[in-house]
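The exercises below are meant to be worked through with the sequence and the model side by side. Each one sets a task and then follows it with a solution in steps.

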Amino acid sequence: MSGPRTLVTTLAVVVVTVALDQVTKVWAESALGDGDTIEILPTLEFDLAYNSGFSFSTGAGFGRYIGIVVLGLIGFLVWQIAVSESMGRVWILATIMGGAIGNLADRLLRAEDGFLSGEVIDFIDVSWYAVFNVADMFVVCGAFTFAGFELVMHRRAERDADTGADLADAEASAD
């Protein structure tokens with residue numbers, strides 16, 4: 001299904017996703033950079049943090065390696081989008097890719113100690129869970145959506161195959 005429509009859709013989703021992520025990070029640094037926090041709910045606040053690792057601040061200090069893995073993931077997503085026969089799958093994969101690019105941009109643009117050494121800006125602090133950002137939400141929600149989408153598509157294909165087998169049996173018995 002690869003073609004102009006797939007390319008335009010992918011680029012649009014990625015650009016919007018990265019833009020939302022980066023705009024919120026710029027806001028977080030300006031609004032929270034002096035140590036302020038903004039309480040939203042009793043266990044949810046905006047609180048600026050910098051993450052050199054990956055999810056939930058694990059893997060601190062391995063940012064370069066994480067960045068290389070993310071580059072590979074982006075390549076894989078591009079390939080999956082190119083061979084996809086479903087526009088729904090393209091949207092979901094582009095959302096995941098946009099989130100990955102948003103965090104990769106932090107590693108690239110904020111690097112002070114060489115390639116991919118920058119820290120990712122996190123600011124959404126769920127006190128009982130983790131501190132994360134908009135890109136993380138796109139990646140995680142996209143991954144869950146992808147899993148559900150693939151499950152539905154698999155079940156639909158099984159149902160269609162069963163229906164096709166039933167029709168073939170009915171045609172064979174009618175002959």
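**Exercise 1. State how confident the predictor is in the chain, and find which element has the lowest and which the highest mean pLDDT.**

Solution. This is a predicted model, and the mean pLDDT of its chain is 89, with 90% of the residues reaching 70 or more. Going on to the elements, helix 4, which covers residues 134-174, has the lowest mean pLDDT, at 84, whereas helix 1 has the highest, at 96. As a general caution, predicted coordinates should not be read in detail where pLDDT is low.

**Exercise 2. List the elements of the chain in order, and decide whether the chain is spread out or compact by the globule rule.**

Solution. The chain contains four helices and four strands, and from the N terminus on they follow the order α-β-β-α-α-β-β-α. The radius of gyration is 21 Å, while the globule rule gives 16 Å for 175 residues, so the chain is more spread out than a compact globule. The extents of the C-alpha trace along its principal axes are about 80 × 40 × 30 Å. Of the 175 residues, 34% are buried. Among the contacts with a separation of 6 or more, 64% are between residues 24 or more positions apart.

**Exercise 3. Compare the length of helix 1 with the expected value, and then describe the surroundings of Asp 21.**

Solution. Helix 1 has 29 residues, and the distance from its first C-alpha to its last is 41 Å, close to the 42 Å expected at 1.5 Å a residue. Its buried residues include Thr 6, Val 13, Val 14, Asp 21, Lys 25 and Leu 32. For Asp 21, the relative accessible area is 0%, and because buried means under 20%, this residue counts as buried. Leaving aside neighbours within four places in sequence, the contacts of Asp 21 are with Gly 102, Asn 103, Asn 133, Val 134 and Ala 135. Asp 21 and Met 137 are 116 residues apart along the chain, yet their C-alpha atoms are separated by 9.5 Å.

**Exercise 4. Check the span of helix 2, and work out which of its residues are buried and which are exposed.**

Solution. Helix 2 runs over residues 63-83, and at 1.5 Å a residue its 21 residues should span 30 Å; its end C-alpha atoms are 30 Å apart, which agrees. The buried residues of this helix are Gly 63, Ile 66, Gly 67, Val 70, Ile 74, Leu 77, Gln 80 and Ile 81. These buried residues cover an arc of only 135° around the axis, which means that they lie on the same side of helix 2. The spacing fits a general rule: an α-helix has 3.6 residues a turn, so residues three or four places apart point the same way. On the other side of helix 2, Tyr 65, Ile 68 and Val 69 are exposed. The cover over the buried residues includes helix 1 (4-32) and helix 3 (87-109).

**Exercise 5. Identify the elements behind the largest nonpolar core, and trace the contacts of Val 70, Ile 74 and Leu 104.**

Solution. The largest nonpolar core has 19 residues, and those with the most contacts inside it are Val 70, Ile 74, Ile 81 and Met 97. Helix 1, helix 2 and helix 3 are the elements that give two or more residues to this core, and helix 3 gives the most, with nine. Apart from this core lies another, of nine residues, among them Leu 32, Leu 48, Ile 121 and Ile 124.

The contacts that follow leave aside neighbours within four places in sequence. Val 70 is in contact with Ala 100 and Leu 104. Ile 74, in helix 2, counts as buried at 13% relative accessibility, and it touches Met 97, Ala 100, Ile 101 and Leu 104. Leu 104, in helix 3, is buried at 7% relative accessibility, and its contacts are Gly 67, Val 70, Leu 71, Ile 74 and Leu 116.

**Exercise 6. Classify Leu 151 by its relative accessibility.**

Solution. Leu 151 is found in helix 4. Its relative accessibility is 43%, and because partly exposed covers the range between 20% and 50%, Leu 151 counts as partly exposed. The C-alpha atoms of Leu 151 and Ala 31 are separated by 41 Å, with their positions 120 residues apart along the chain.

Notes:
Residues numbered from 1 in each chain as written. Predicted model: local features only at pLDDT ≥ 70, side-chain atom pairs only at ≥ 80, totals over all residues. Heavy atoms only, no water. Expected span 1.5 Å × (residues − 1). Buried < 20%, exposed > 50% of the residue type's maximum accessible area, 1.4 Å probe, protein only. Arc of directions from axis to C-beta. Contact = heavy atoms within 4.5 Å. Core = buried A, V, L, I, M, F, W, Y, C linked by side-chain atoms within 4.5 Å. pLDDT = per-residue confidence, 0-100. Rg over C-alpha atoms; globule rule 2.2 N^0.38 Å.
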